[in-house]
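Notebook open, coffee poured. I want to go through the charged pairs, then the chain contact, then one helix.

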Amino acid sequence: MSKESEYSNNAFDDFTAQFFERYPIKESTLSNGLKILLQEDHDLPVTSLYTLFKTGSRNERPGITGISHLFEHMMFNGSRKFGPKEFDSILERGGGYSNAYTSRDLTVYYEDFTPSLLETVLDLESDRMGWLDLSKESLKSERQVVMEERRLRTDDSVFGRLDEELFAASFQCHSYRWPIIGWMDDIKNIKLSDCNRYFRQYYAPNNAIIMLAGDINSQKSIELFDKYYSGIKKRRIPSDRPTVEPEQNGEKRVYFHKKSELHNFITGYRIPAIGHNDLYTLDIIQTLLTDGRSSILYRKLVREDNLALYTMSNCSWRIDPGIFIIYFQMKPGRTSEEGEKALEAELDRIASDGVDKADLERARNMLEAEFIMGLQTNNGRAHRIVLSEYLFGDWSKLFEPVKHYRKVSEDDVKRVIKKYLHPDNRTTVTLIPGK
Amino acid sequence: MNQEISIPEINLPDSEKFNTGILETAVIRRTGLPVVAFRLVIKGGASGDPDDKAGMHRLTAKLLQLGSADLNADDFALKIESTGGSVSVHTTYDAVVINGQFLTRDLEMGFELLAGMLLEPRFDEIEFTRQLAKTSGDIASIADEPQQVCGVAHNRNLYGSHPYGRRIIGYKKSLDNITRNDVIELHGNSLLNSPIQLTVAGDVETEWVRDRIEKLFSIPPGTTVSQNTPEVERINGIRNILVEREELTQAHIRIGGTGCSKQNPDLIPLKVASTLFGGSFTSRLNEEIRVKRGLTYGINSSVAAYHRDGPVQVVTFTKSESASEAVEIILSEMRKLADKPVDSDELHGTKQYMIGLFPFSLETNRRIAQQVSDSRFYGLGDDYISGYCRKIADVTPADIQRVAEQYFSSDNAVVTVLGDAAKLSNSFSSASIRKIDEYI
């Protein structure tokens, strides 16, 4: 083992052990099924609260695509005790900030706030979890806002359009095929009754996980959670089972026209769901290919061959099998066709010859360091821990990915590239500049 | 009613300072995660570019990380990334900034690489050519990012021929004028001759840092280079500019004038005014444009401050059909902010929001290094960070009205709208029409 690897293992093991000693996690589960995780950190007067609901665009159906995301917007518009706009008003005026995001598999709400605001935040959050007040006025207003968001992020966006087309083509029947923000026509036609039904089905304490981190007292916090959340009834959560996507047995291609200065393309390869060990190797491959100036595609296609201006790859971990994405923005005067040929040549080369030991070590160290850096803030820790609890079923598996990265070998990289990153498993979307 | 503002207690370690060789160094020791961040700031940035060589500082800065001493660009990148560390360089109007972050165990190597970048950059011919080509491509690619183009256009419309109106990255034409010799001379005669400050924050001892700095950065400091950025002229009257960009469903809007410098005591009340106006979800602009009318997904008011007066601007986007309505409302709200004293309850809420969130800006070593570095660079005083919340708390309604009249004037502002002229030209018939190419 190289000196760097030895060093790496010792430092990371020390760090992992110290992390849970320095920031121990306490658990509590209420009788309504709400799981609560707490972590104290008294370095600064800051607190972060994450609420994760186990629902996303995966749980939708045609006709109401985008409802998970639209609903995320509606959550800020009034509840039993707090009128429209009061959530943000009370929070911000007390010294706090709120945001949320929706993905294909989950919806997350978080607040960063001054510690003295904790009871207020729990009052606000629990009231909307249990007794959200949906109105026609707030639906009308938020619908307009979401339509503007769609125009910004998708309709007028080069990458946004490519991404949307990629998912639509990669998946014939699984609910991953439609965009998280929804099709414009569905956004325009979602009804209040759809929103009410969605809230009753998915926004339940037994369908949520909460993580509180920062300058808190765990015992007192648990008492507050009990005070504010115990009164929320558990509900029967639908056991949604999206249609299983059949195996892909050949390449798919999509072309579309859009005004653009440069040629762009995006490609997606079908990969397994969470729980499959190949995902760890795919994370390593993502880092090898496009993370940093010493990454393979950056060195070859951006610097040496002067083909691409920008490239990125992404291996998302999903509840159901997803896709591994590689995106290229070509340099002026270079075409997507040239980019695709070069990409395929590099993937073939790695599948056949493998990667350098030094490259593999680099990828491992980058992923490990990124992991550690991401734990510097209460918000970062709370986010990672609540995701570990949901995706792995156990927050204590927080560091599992990094332990697995260390085991990935050069042979694993070759095997996984051959298995997944090949043309018959691929969907490619190409933007043709101009009308 | 006199409302008490709650100010959280922040116990940030004092920074220990020393001057050694070419660097003025400050170290803030913070135990916890085994991570150290550093920020090196060289006085003199893009505002010093000659008019016909816009982009020169940025190009030179980028080349600092493309090979030094016996490491070519690829080896340099591999050496950093093999540890999981990071080094990045960026250029502002006032400075060239190198940010780095390493696990503590790798910091020695991080400092060695930093010294190589600063003192022995190679400026290899091949890297110069590649970086020129990349920069040219980056300049072209902005045309596909309407929000960014609107920002570039608005800056030019606001500042005109002042250096702050130029793109820091430069232009296709100006890049053609920059030679490798220009870069070498800029580095040797200007960057190394300027005051250079290093700020280090994280799990590291001051004496260890001092020892490494003395070994690695032992050349004498340069003679002081004064910042020659000209004063900024205030906007007189309203200027409406429509920048054409076909096939967009939305219009991108920027409205505002010039603000104040980093050292100006108006800056804090101006930031409070800006937050109240458009810097939070419950701000006036968000309420009027997004919440009440659903015209946008995002609207924001912001204040930037440099060695001279930075821009004060409102930024938003909306479907083309609503663009003129959005502009009218924004200008109307600017008038209200200046004409009517702000309610003490509203001001209290804004101040509490800013103060409550301030500690989050100190949560990571990188953020601490940035805060301390900025206060050192602009000479804001050792108590700037510890006294920041108190300064916010002391802002009065009279302060808000005063800065609003001066810096948020709806009678003296530039309005830049970018979008599909076919959909917008009727609503903005009095605007001057420009093409994107004039700006990039």
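**Salt bridges, interface, one helix**

I started with Arg349(A), which is partly exposed, with a relative accessible area of 33%. Note to self: this is a predicted model.

Which residue does Arg349(A) pair with in a salt bridge? I found Glu346(A), with the closest N and O atoms 2.9 Å apart. Both sit in helix H12 (residues 336–353) of chain A, three residues apart, about one turn of the helix. That fits the textbook picture: an α-helix has 3.6 residues a turn, so residues three or four places apart point the same way. Glu346(A) itself is buried, at a relative accessible area of 6%.

Next I looked up Arg293(B) and Glu288(B), whose side chains meet in a salt bridge at 2.8 Å, N to O. Is each end buried or partly exposed? Arg293(B) is partly exposed, at 34% relative accessible area, whereas Glu288(B) is buried, at 12%. I also noted a network in chain A: shared salt-bridge partners join Glu251(A), Arg253(A), Glu340(A), Glu344(A) and Arg426(A).

One more pair within chain A: Arg150(A) and Asp155(A) form a salt bridge, 3.0 Å from N to O. Arg150(A) is buried, with a relative accessible area of 5%. Over all chains I get 62 salt bridges.

**Where the chains meet**

How many residues does each chain put into the contact? Chain A gives 66 residues and chain B gives 71 residues. The area buried between them is about 5,900 Å², and carbon and sulfur atoms give 56% of that.

I then checked the charges across this interface and got seven salt bridges. One I wrote down is Asp74(B) with Arg303(A), closest N and O atoms 3.1 Å apart. For polar contacts between chain A and chain B, the count is 26 residue pairs. On the chain A side, the elements giving two or more residues include helix H1 (3–22), strand E3 (47–53), helix H5 (136–155) and helix H13 (357–373). H5(A) gives the most to that side, with ten residues.

**Cysteines and H11(B)**

I looked for disulfides and found zero over all chains. Two cysteines I checked for exposure are buried: Cys315(A) at 6% relative accessibility and Cys150(B) at 1%.

Last, helix H11 (residues 323–339) of chain B. Its 17 residues reach 24 Å from first C-alpha to last, close to the 24 Å expected at 1.5 Å a residue. Its buried residues include Ala323(B), Val327(B), Ile330(B), Met334(B) and Leu337(B). Glu333(B) is also among them.

Methods: Residues are numbered from 1 along each chain as its sequence is written. Chains are lettered from A and ligands numbered from 1 in the order in which they are written. This is a predicted model: local features need pLDDT of at least 70, side-chain atom pairs count only at pLDDT 80 or more; totals for chains, interfaces and linings use all residues. Side-chain values use heavy atoms; hydrogens and water are left out. Helices (H or I, at least four residues) and strands (E, at least two) are DSSP runs, numbered from the N terminus. The expected span of a helix is 1.5 Å times one less than its number of residues. Buried means under 20% relative accessible area, exposed over 50%, partly exposed in between (1.4 Å probe, protein chains only). A disulfide is a pair of cysteine sulfur atoms within 2.5 Å. Contact means heavy atoms within 4.5 Å. Buried area is the accessible area (1.4 Å probe) that two parts lose on being put together, summed over both. A salt bridge is a side-chain nitrogen of Lys or Arg within 4 Å of a carboxyl oxygen of Asp or Glu. A polar contact is a pair of N or O atoms within 3.5 Å; within protein, one must be able to donate a hydrogen and the other to accept it, and residues adjacent in sequence count only if both atoms are side-chain atoms.
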